[in-house]
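Colleague: I have a model open on my screen and would like a close look at one part of it. Could you take me through domain 3 and the stretch that leads into it, with enough of the whole chain to find my bearings?

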Amino acid sequence: MIDYELTDQEKALKAKAAELAAKEIAPQAKVLDEASKAEVCVLMKNNLKKLAAAGVLEAGLADGSIDLISAYLVGEEISKACASTYMSARASSFLAGGAIALFGTADQKSAYLAGLKSADKIGALAYSEADSGTDLGALASTAVSEGGNWLLSGTKDIVMNAPIADVLLVLAWTDKSAGLEKGLSLFIVEKGAAGLSVGAPIETMGLRGAPIASVALDKCPAKAILGGEAGKGYEQVTRLLEMGRVTVAAMCVGVGTACMEKATAQAKARKAFGKPIGAFQEVGFKLADMFTQNDLGRTLSLRAAWAYNNKENDAPILAACAKLFSGEGVTMVANMAMQIFAGHGYLKGTDVERLYRDARFGEICEGTTEMMRVTIAKPDLDRFASR
Ligand SMILES: Cc1cc2nc3c(=O)[nH]c(=O)nc-3n(C[C@H](O)[C@H](O)[C@H](O)COP(=O)(O)OP(=O)(O)OC[C@H]3O[C@@H](n4cnc5c(N)ncnc54)[C@H](O)[C@@H]3O)c2cc1C
């Protein structure tokens, strides 16, 4: 029998996140979206503190493991209120905190995890570069061992949380001749390290409330290699980003649900030809499609999260399916919401305009939809070939 029920603990966590998001985070979404980049940094730190105080920032984060069901549930609720806040929270607690929880040494866990959970420290993961997004083999950043230190050089051009980060995980070559799987390492770099400079906050189309900047390293001494051993960076980043697809899907379904709820309210309130526009089949069908898309996205994401929690072999593929479906889904859902609001949604500063911009990142973030299809097709083709 298939059991779709969340446990009482999971229901309570989801309800706590939903309440906090509605009361404290949603009212900040428009403010963050329209704030100056300097204000964004201050406002986002406040939001992360609020999430931490309520105990939802650390959802799913444990020593040595990540409970992806909890991470998903909280992610969807926060994203429904403000996708920028979730993506910043996720970069700190899941991308940086998760990497340390999964791969860090005991000393590294005790040095950073408590601070990341309480938002006293903010984390970031810097792996991609101007010429190396999907293709990690094209990375240019290097680490050279000198006098007992690893000195990092290179530039990471788009890093979520860089302007407010206290601890950055930076991917660089330790031995290029060893190839992708053995030659890369993930380094812990602390704010204020010599040779570390963070660029001016970057303007983006959506997620404008999230602090994003480039990071330049000029012979910057790393604090340590994550896990203490060189050559594990590719495996660590790959495992983390594969799990992360479930949390990106949470952003997509959260934004999609916000689109649906706002479009439904508009379909009831807005009248044309003497009746609510929702009474027109063309509008009602859009709401039906939005609901279906969100519900399937949620179901698929929780299926993938469950597979990870239960160590199923297919978990990474299911996570790719969840991200693919939810990423393309939220693009469609946001488009339908915009169509229902029509001219009054297209105006700058409306909720649906912000959601439309935020939604578009779902298909790009940490594995494009194209790469999700490549990931899903490969084992399918392998299975087919063996028959
Ligand atoms: C808001 C935002 C926040 C970000 N935050 C971070 C962060 O915190 N840390 C970080 O390190 N990076 C971050 N990034 C960078 C992000 O990870 C990359 O943009 C993403 O991985 C895609 O890489 P790319 O943009 O270089 O695209 P490319 O890799 O150049 O891809 C371009 C196009 O080519 C296609 N393509 C490439 N290779 C293949 C292939 N083999 N088969 C089929 N199609 C292919 C892609 O699907 C895509 O359509 C962020 C980006 C943004 C916009």
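Modeller: Happy to! Let me begin with how charges are counted: Lys and Arg are taken as positive and Asp and Glu as negative, while His and the chain ends are left out. On that count the chain carries 42 positive and 45 negative side chains, and the centres of the two sets are 4 Å apart. Please keep in mind that this is a predicted model.

Now for the whole chain. It has twelve helices and twelve strands. A compact globule of 387 residues would have a radius of gyration near 21 Å, and the chain agrees with that because its own value is 21 Å. Along the principal axes, the C-alpha atoms fill a box of roughly 80 × 60 × 40 Å. Buried residues account for 51% of the 387. About 17,100 Å² of the chain is exposed, with carbon and sulfur atoms supplying 55% of that area. Among contacts with a separation of 6 or more, 75% join residues 24 or more positions apart.

The part you asked about is one of three domains: domain 1 covers 8-121, domain 2 covers 124-232 and domain 3 covers 235-385. The centres of domain 2 and domain 3, taken over C-alpha atoms, are separated by 30 Å. Where the two meet, twelve residues of domain 2 are in contact with eleven residues of domain 3.

Let us come in from the domain 2 side. Gly231 sits in the loop between β10 (224-225) and α7 (233-269). Its relative accessibility is 13%, so Gly231 counts as buried, the cut-off being under 20%. Beyond its neighbours within four places in sequence, Gly231 is in contact with Thr174, Glu181, Lys182, Leu184 and Ser185. Of these, Leu184 is 47 residues away in sequence, yet the C-alpha atoms of Gly231 and Leu184 are 5.1 Å apart.

Further along is Lys311, in the loop between α8 (281-309) and α9. Lys311 has a positive phi of about 55° although it is not a glycine. Lys311 counts as exposed because its relative accessible area is 72%. For a counterpart outside your part, look at Leu207, in the loop between β8 (196-198) and β9 (212-221). Leu207 is not a glycine either, and has a positive phi of about 50°. Leu207, however, is buried, with a relative accessible area of 4%.

After the Lys311 loop comes helix α9, residues 315-341, which holds Ile340. With a relative accessibility of 6%, Ile340 counts as buried. Setting aside residues up to four places away in sequence, Ile340 touches Ala263, Gln266, Ile277, Val283, Lys286, Leu287 and Met290. For a sense of distance, try Ser153: it is 187 residues from Ile340 along the chain, and their C-alpha atoms are separated by 49 Å.

Our last stop is Thr369, in helix α12, residues 369-385. Thr369 has 4% relative accessibility and therefore counts as buried. Apart from neighbours within four places in sequence, its contacts are Leu324, Glu328 and Glu363.

Notes. Residues are numbered from 1 along each chain as its sequence is written. This is a predicted model: local features need pLDDT of at least 70, side-chain atom pairs count only at pLDDT 80 or more; totals for chains, interfaces and linings use all residues. Side-chain values use heavy atoms; hydrogens and water are left out. Helices (H or I, at least four residues) and strands (E, at least two) are DSSP runs, numbered from the N terminus. The radius of gyration is taken over C-alpha atoms; the globule rule is 2.2 Å times the number of residues to the power 0.38. Buried means under 20% relative accessible area, exposed over 50%, partly exposed in between (1.4 Å probe, protein chains only). Contact means heavy atoms within 4.5 Å. Accessible areas come from the Shrake-Rupley method with a 1.4 Å probe; for residues, only the protein chains shown count as cover. The place of a charge is taken as NZ of Lys, CZ of Arg, CG of Asp or CD of Glu. Domain bounds come from an automatic or database domain assignment.
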